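Me: I am new to this one. Please show me the structure, and I will ask about it piece by piece.

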Amino acid sequence: MPNYMASRKPYVFRMRQNSWQSSLPKMENRAPFLDIAERIRWHRATTGMNQTDYAKRAGIKRSQLSNWETGHQRISIDGARALRKTYGLSLDFIYEGIADTLPMTLRNAWLDKPSVS
């Protein structure tokens with residue numbers, strides 16, 4: 001143990017660390033990409049597939065899809081392009097929620113979905 005630390009008691013360091021951490025603002029545990037997540041979950045629900053089948057058909061990992069659907073991770077361009085190629089979802093819809101770029105049947109289903117308040 002270095003000499004300068006020998007004279008200090010270990011609990012003094014812990015107290016300083018705890019007091020420093022308590023001064024930080026509390027961060028919300030809110031998922032930052034919930035809007036994208038809602039659109040992906042909605043589309044998977046309209047297909048009637050579970051996460052495993054939906055991901056396998058698109059050629060992505062189920063864990064990736066799960067992260068996207070919870071909103072904690074933003075879908076990558078490659079992932080969005082895989083959904084576009086497999087399911088016909090436009091990138092405008094996935095990222096921005098623009099329903100005009102969807103095929104007519106999906107657009108009508110999106111516009112007719114019950115709103116959550």
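Me: How many aromatic pairs does the structure hold?
Reply: This is a predicted model. Rings count as a pair if their centres lie within 6.5 Å. By that rule, the number of aromatic pairs in the structure is four.

Me: W42 and W110 form one of them. Is that pair stacked or edge-to-face?
Reply: The ring centres of W42 and W110 are 5.0 Å apart. Their planes stand at 75°. Planes over 60 degrees apart fall in one class, so the W42 and W110 pair is edge-to-face.

Me: Which helices does this pair link, and how many residues apart are W42 and W110?
Reply: W42 sits in helix α3. W110 sits in helix α8, which spans residues 104–112. The pair links distant parts of the chain, and the separation is 68 residues.

Me: Is W42 buried or exposed?
Reply: The relative accessibility of W42 is 12%. Buried means under 20%, so W42 counts as buried.

Me: What about W110, buried or exposed?
Reply: W110 has a relative accessibility of 14%. The cut-off is again under 20%. Therefore W110 counts as buried.

Me: Is the pair of F93 and W110 stacked or edge-to-face?
Reply: The rings of F93 and W110 have centres 5.0 Å apart. Their planes meet at 85°. That is over 60 degrees, so this pair is edge-to-face.

Me: How many residues apart in sequence are the parts that F93 and W110 tie together?
Reply: F93 lies in helix α7, and W110 lies in helix α8. Both F93 and W110 are buried. Because the two rings sit in these two helices, their pair ties together parts separated in sequence by 17 residues.

Me: Which residues do the ring pairs link into a cluster?
Reply: W110 pairs with W42. W110 also pairs with F93. The ring pairs thus link a cluster of W42, F93 and W110.

Me: Which residue has its charged end over the ring of W110?
Reply: The charged end lies 4.5 Å from the centre of the W110 ring. It belongs to K113.

Me: Let us turn to S90. Where is S90 found, and is it buried or exposed?
Reply: S90 is in the loop between α6 (77–87) and α7 (91–96). Its relative accessibility is 12%. Buried means under 20%, so S90 counts as buried.

Me: Which backbone nitrogen does the side chain of S90 reach?
Reply: Leaving aside neighbours within four places in sequence, S90 is in contact with I98, T101 and L102. Its side chain also reaches a backbone nitrogen at 3.1 Å. That nitrogen belongs to F93.

Me: Now H43. Is it buried or exposed?
Reply: H43 is found in helix α3. Its relative accessibility is 3%. That is under 20%, so H43 counts as buried.

Me: Which side chain makes a polar contact with the side chain of H43?
Reply: Beyond neighbours within four places in sequence, H43 is in contact with Y54, Y87, L89 and L106. The polar contact has a distance of 2.7 Å. The partner side chain is that of Y54.

Me: Why do the buried residues of α4 lie on the same side?
Reply: Helix α4 covers residues 51–58, and its buried residues are Q51, Y54, A55 and A58. They lie on the same side of α4 because they cover an arc around the axis of only 95°.

Me: Which helices do the buried residues of α4 pack against?
Reply: One partner is α3 (34–47). Another is α5 (62–70). The full list is α3, α5 and α6.

Me: Which residue caps the N-terminal end of α4?
Reply: A side-chain oxygen lies 3.2 Å from the backbone nitrogen of T52. At the other end, just after α4, G59 takes a positive phi of about 80°. The N-terminal cap is N50.

Me: Last, R74. Is it buried, partly exposed or exposed?
Reply: R74 is found in the loop between α5 and α6. Apart from neighbours within four places in sequence, R74 is in contact with F33, I36, W68 and Y95. Its relative accessibility is 45%. Buried means under 20% and exposed over 50%, so R74 counts as partly exposed.

Key: Residues numbered from 1 in each chain as written. Predicted model: local features only at pLDDT ≥ 70, side-chain atom pairs only at ≥ 80, totals over all residues. Heavy atoms only, no water. Helix = DSSP H or I, 4+ residues; strand = E, 2+ residues; numbered from the N terminus. Buried < 20%, exposed > 50% of the residue type's maximum accessible area, 1.4 Å probe, protein only. Polar contact = N/O pair within 3.5 Å; in protein donor to acceptor, adjacent residues only side chain to side chain. Contact = heavy atoms within 4.5 Å. Arc of directions from axis to C-beta. Phe/Tyr/Trp six-rings, centres within 6.5 Å; stacked < 30°, edge-to-face > 60°. Lys NZ or Arg CZ within 6 Å of the ring centre and 35° of its normal.
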